[in-house]
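Let's take a walk through this fold, strand by strand. Keep the viewer open and follow along.

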Amino acid sequence: MITPVLRVRDVERSLRFYTHLLGFTGEGGLPGTDGKVAAAEAYLGDARVLFARRASLSTLTVCRSELYITLNDGIDELYRRLRTHDVHLCTEMHEELWGERAFTITDPDGNRVTFAQAIQYAEVPVELAQIA
């Protein structure tokens, strides 16, 4: 299993963003020596993401990552919900060449998150399938 780690400024803020807006589950986290949450996990279906606080809050460089999350269903509902909130959309909903509908957002730390779902094509009538 591979778990992506997103380095963020504020773990609790990132966890709220992913759980309240993106539909992940997750709560709590591991407290750091300063009492603030230093690391936490969030889950969406089989996907798991770990948020870890940056080593230094004064660091000017940002460690950005991109997540590509394939959903079994619900992409239209998620897309509509996120459009009603102050979430930055990088790409609108579109169809990919490989047969998925997808859109991409950025989280509060600039990490790109793409949500995709396989396109459900209508069944081809048997008569037409035999022609092909």
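How many bridges join β2 to β3? The count is 2, and the two strands run antiparallel. One thing to keep in mind as you look around: this is a predicted model.

## The sheet with β1 to β4

Strands β2 and β3 belong to an open sheet of 4 strands, ordered β1-β4-β3-β2, with mixed pairing. β1 (5-8) and β2 (30-31) sit at the edges with a single partner strand each, so one side of each has no neighbour in the sheet.

To find the β2–β3 pairing on screen, look for Leu-30, which stands opposite Ala-39 in β3. These two strands make a hairpin with 5 residues between them, and Gly-35 in that hairpin takes a positive phi near 90°.

## From β3 into β4

Next door, β3 (residues 37-44) pairs with β4 (residues 47-53), again in the antiparallel sense, this time over 6 bridges. Two handy landmarks here are Leu-44, which faces Ala-47 in β4, and Glu-41, whose bridge partner in β4 is Leu-50.

The turn of this hairpin leaves 2 residues between the strands, and Gly-45 in the turn has a positive phi of about 60°. As a general point, side chains in a regular strand alternate between the two faces of the sheet.

Now for the helix that goes with this sheet. Helix α1 (residues 11-21) lies across β1, β3 and β4, and runs at about 10° to β3.

## The sheet with β5 to β8

Further along the chain there's another open sheet of 4 strands, with the order β5-β8-β7-β6 and mixed pairing. Its edge strands are β5 (66-71) and β6, each of which pairs on one side only. Direction ignored, neighbouring strands of this sheet are turned by 15° against each other on average.

β5 pairs with β8 (residues 112-118) in the parallel sense, over 6 bridges. If you want a spot to click on, Thr-70 has Ala-116 in β8 as its bridge partner. Helix α2 (residues 75-83) lies across β5, β6, β7 and β8, at about 30° to β7.

## A nonpolar patch on the surface

Which residues form a nonpolar patch on the surface? They are Tyr-68, Leu-97 and Trp-98, and together they have about 440 Å² of accessible area.

Leu-97 is in the loop between β6 (88-95) and β7 (100-106). Is Leu-97 buried or exposed? Its relative accessibility is 88%, and the cut-off for exposed is over 50%, so Leu-97 counts as exposed.

Terms used:
Residues numbered from 1 in each chain as written. Predicted model: local features only at pLDDT ≥ 70, side-chain atom pairs only at ≥ 80, totals over all residues. Heavy atoms only, no water. Pairing = 2+ DSSP bridges. Contact = heavy atoms within 4.5 Å. Axes fitted to C-alpha atoms, helices over the stretch in contact; angles between N-to-C directions. Patch = residues over 30% accessible without salt bridge, like charges linked within 9 Å, V, L, I, M, F, W, Y side chains within 5 Å. Areas by Shrake-Rupley, 256 points an atom, 1.4 Å probe, with all protein chains shown as cover. Salt bridge = Lys/Arg side-chain N within 4 Å of Asp/Glu carboxyl O. Buried < 20%, exposed > 50% of the residue type's maximum accessible area, 1.4 Å probe, protein only.
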